[in-house]
Amino acid sequence: MPEVSRFYGMVIRMYPREHGIPHFHAHYGESRASVMIDDPRRMQGRLPSRAQRLVVEWALLHQESYWL
């Protein structure tokens, strides 16, 4: 599984063969969410609120590099 980043117990993964809206997967303990790249505030799944805020902040910091 392609791991992009790991921080504060969270793991960010992207799967190159997935289709549909560009997104990544955030894993934190037993919690999982799919996060849209173009608008990281749009999620499917659920993360604890602090983890969600950190994932959104991480995504916004790295958003420009997604398109390189």
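Is His27 buried or exposed? His27 counts as buried, because its relative accessibility is 13% and the cut-off for buried is under 20%. The model is predicted.

**His27 and its surroundings**

His27 belongs to strand E3. Its side chain makes a polar contact of 2.8 Å with the side chain of Arg32. Arg32 is also among the residues that His27 touches. Leaving aside residues up to four places away in sequence, the others are Gly9, Met10, Val11, Arg13 and Tyr15.

**The strands around it**

Strand E3 covers residues 23–28. Its antiparallel partner is strand E4, residues 31–36. E4 in turn runs antiparallel to strand E5, residues 43–46. The two pairings are set out below.

| Strand pair | Sense | Bridges | Residues in the hairpin connection | Facing residues |
|---|---|---|---|---|
| E3 and E4 | antiparallel | 6 bridges | 2 residues | Tyr28 and Ser31 |
| E4 and E5 | antiparallel | 4 bridges | 6 residues | Ala33 and Gly45 |

**The turns**

What sits between E3 and E4? The two strands form a hairpin with 2 residues between them. One of the turn residues is Gly29, with a positive phi of about 60°. Tyr28 stands opposite Ser31 of E4. A hairpin also links E4 to E5, here through 6 residues. Across that second pairing, Ala33 has Gly45 of E5 as its bridge partner.

E4 thus pairs with E3 over 6 bridges and is joined to E5 by 4 bridges. His27, in E3, is buried at 13% relative accessibility.

Terms used:
Residues numbered from 1 in each chain as written. Predicted model: local features only at pLDDT ≥ 70, side-chain atom pairs only at ≥ 80, totals over all residues. Heavy atoms only, no water. Pairing = 2+ DSSP bridges. Buried < 20%, exposed > 50% of the residue type's maximum accessible area, 1.4 Å probe, protein only. Polar contact = N/O pair within 3.5 Å; in protein donor to acceptor, adjacent residues only side chain to side chain. Contact = heavy atoms within 4.5 Å.
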